[in-house]
Amino acid sequence: MIGRNILRFGQVTSTNTLLRDYAERGEPEGLVIAADEQTAGRGRLGRRWIVPRATSLQFSVLLRPPLSPQNAARLLPMAALAVARTLEQELRLETQLKWPNDVLVADSKGSFKKVCGILIESSVQDDALRYAILGIGLNVNYTMSDYPELASLATTVQDAVGHPVDRDALQAALLDELDHRYRRVCRGESLQEEYRARLTMLGQRVRVARGDQILEGIASDVDADGALILTQGDARLTIFAGDVTILKENKEVI
Ligand code: BTN
């Protein structure tokens, strides 16, 4: 069960890195490593993940799902949906999802900004998935007005709700929600419809940055594994990773 066993640390390099050591030593799935501070927190695409000490949720979950390496990408929509649902149920926040892994909430001025990022790292051997590490970073009890360089892109739960919240209660609710959804994914249930319904970019013109490559087209759908389908005229491209911005009158808006 996710969260039955939680190890809490004051400071680590990265909860994902530390949990990998436990995974390699054969730890059963469900173990959570949480930290008040990461000195080398990682984001997607080699970026750094830095938040003020003891303000937020930064944790990783060890999973050993009965999925092929190809299907392991399903864990990303699963986690994004669990975060969104928890923020809605616990704090009555309105959420949006941005492909592939960002959860957005409305800040005090009503514009949707990133509040949570998700990083999944997996280990594959002989074409089998050995384990996956699901890392979640949720900005909680601080205000983005102290970080004006980020304030146009990101927000915090405190900014969205208007006051600080109980971090432990939020983490417990999120782990419950993750456990529930993870069981569904392991039973072979699809979360595709629910994910699709929450992706605000579907049907819109987008720009996708994939390494050095920039693609434009209509974000027309997501497939069963959560990959983005980009339509360019008659061509349909399947995008597994990248950064997406929505274009309005050919200007980037998110
Ligand atoms: C992203 O949006 O780029 C993903 C950010 C993921 C951050 C979390 S915080 C806990 C875990 N440990 C890490 O080093 N990264 C993830």
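Student: Which helices and strands each supply at least two residues of the shell around the ligand?

Tutor: In this predicted model, α1 (15-24), β3 (57-63), β6 (112-125) and β7 (128-138) each do so, and the largest share, 4 residues, comes from β6.

Student: What makes a residue part of the group that surrounds the ligand?

Tutor: A residue belongs there if one of its heavy atoms lies within 4 Å of the ligand; 20 residues surround the ligand, and the closest are S14, Q38, R42, R44 and K114. By class, that shell has 5 nonpolar, 11 polar and 4 charged residues.

Student: Why is the approach of S14 to the ligand called a polar contact?

Tutor: A polar contact is a pair of N or O atoms within 3.5 Å, and a polar side-chain atom of S14 lies 2.7 Å from an oxygen atom of the ligand, so the pair falls within the cut-off. Q38 also has an N or O atom in its side chain at 3.0 Å from a nitrogen atom of the ligand, while R44 places a backbone N or O atom 2.6 Å from an oxygen atom of the ligand. Taken alone, the ligand exposes 420 Å², of which the protein buries 98%.

Student: Why is N101 called buried, and where is N101 found?

Tutor: Buried means under 20% relative accessible area; N101 has 3% relative accessibility and therefore counts as buried. N101 is found in the loop between β4 (95-98) and β5 (102-106), and its C-alpha is 9.5 Å from that of L81, with the two residues 20 apart in sequence.

Note on methods:
Residues numbered from 1 in each chain as written. Predicted model: local features only at pLDDT ≥ 70, side-chain atom pairs only at ≥ 80, totals over all residues. Heavy atoms only, no water. Polar contact = N/O pair within 3.5 Å; in protein donor to acceptor, adjacent residues only side chain to side chain. Areas by Shrake-Rupley, 256 points an atom, 1.4 Å probe, with all protein chains shown as cover. Nonpolar A, V, L, I, M, F, W, Y, C, P; charged D, E, K, R; others polar. Buried < 20%, exposed > 50% of the residue type's maximum accessible area, 1.4 Å probe, protein only.
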